[in-house]
Amino acid sequence: MSEQTDLFEHDPHIGQLLSHMDNVPVQELEHQWPQMLVALVDVMTAELERQGICDDPRAAARKLAAALSHY
């Protein structure tokens with residue numbers, strides 16, 4: 001698991017991107033992404049909602065998808 005964590009330490013831009021994604025309008029952000037990535041966000045959102053993991057599951061799902069696509 002530390003391998004994946006180390007991946008983000010060497011790329012400060014991905015950390016900045018993930019931190020500032022909440023400032024980008026949802027429609028603008030998801031419109032730029034490939035449809036399959038948006039579908040992945042839909043799946044992650046549904047699961048985060050089902051588990052009640054966070055207050056804003058869509059935002060969390062977008063960040064997870066961005067981190068996964070970067071990896």
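Here is a short tour of a predicted model of a small all-helix chain, going from its overall layout to its core and its charged pairs.

**The layout**

The protein has five helices and zero strands, so to read along it from the N terminus you simply go α-α-α-α-α. Of the 71 residues, 27% are buried. About 5200 Å² of the protein is exposed, and carbon and sulfur atoms supply 57% of that area. Now take the contacts with a separation of 6 or more: 56% of them are between residues 24 or more positions apart.

**The core**

Which residues have the most contacts inside the largest nonpolar core? They are Leu18, Met21, Trp33, Val41, Ala61, Ala65 and Ala66, and the core has 14 residues in total. Helices H2 (12–20), H4 (35–51) and H5 (57–70) each chip in at least two residues, with H4 giving the largest share, five. In soluble globular proteins, nonpolar side chains tend to be buried together. For a close-up, pick Ala66: leaving out residues up to four places away in sequence, Ala66 touches Ile14, Leu18, Met21 and Trp33.

**A look at H4**

H4 has 17 residues and spans 25 Å from first C-alpha to last, close to the 24 Å expected at 1.5 Å a residue. Its buried residues are Leu37, Val38, Val41, Met44, Thr45 and Leu48. Why do these residues line one face of the helix? Seen down the axis of H4, they fall within an arc of 120°, so they end up on one face. Helix H3 (26–32) and H5 are among the parts that cover them. Turned away from that buried side are the exposed residues Gln35, Met36, Val43 and Arg50. After H4 comes Gly52, which has a positive phi, near 60°.

**Charged pairs**

The structure holds three salt bridges:

| Salt bridge | N to O distance |
|---|---|
| Asp22 and Lys63 | 3.0 Å |
| Arg58 and Asp42 | 2.5 Å |
| Arg50 and Glu47 | 2.6 Å |

Asp22 sits in the loop between H2 and H3 and Lys63 in H5, so this pair links parts of the chain 41 residues apart. Asp22 is partly exposed at 47% relative accessibility, and Lys63 is partly exposed at 25%. Arg58 in H5 and Asp42 in H4 are 16 residues apart, and their pair also links distant parts of the chain. Here Arg58 is partly exposed at 22%, as is Asp42 at 38%.

The pair of Arg50 and Glu47 stays inside H4: being three residues apart, the two are separated by about one helical turn. Arg50 is exposed, with a relative accessible area of 61%, whereas Glu47 is partly exposed at 30%.

Technical notes. Residues numbered from 1 in each chain as written. Predicted model: local features only at pLDDT ≥ 70, side-chain atom pairs only at ≥ 80, totals over all residues. Heavy atoms only, no water. Helix = DSSP H or I, 4+ residues; strand = E, 2+ residues; numbered from the N terminus. Buried < 20%, exposed > 50% of the residue type's maximum accessible area, 1.4 Å probe, protein only. Contact = heavy atoms within 4.5 Å. Areas by Shrake-Rupley, 256 points an atom, 1.4 Å probe, with all protein chains shown as cover. Core = buried A, V, L, I, M, F, W, Y, C linked by side-chain atoms within 4.5 Å. Expected span 1.5 Å × (residues − 1). Arc of directions from axis to C-beta. Salt bridge = Lys/Arg side-chain N within 4 Å of Asp/Glu carboxyl O.
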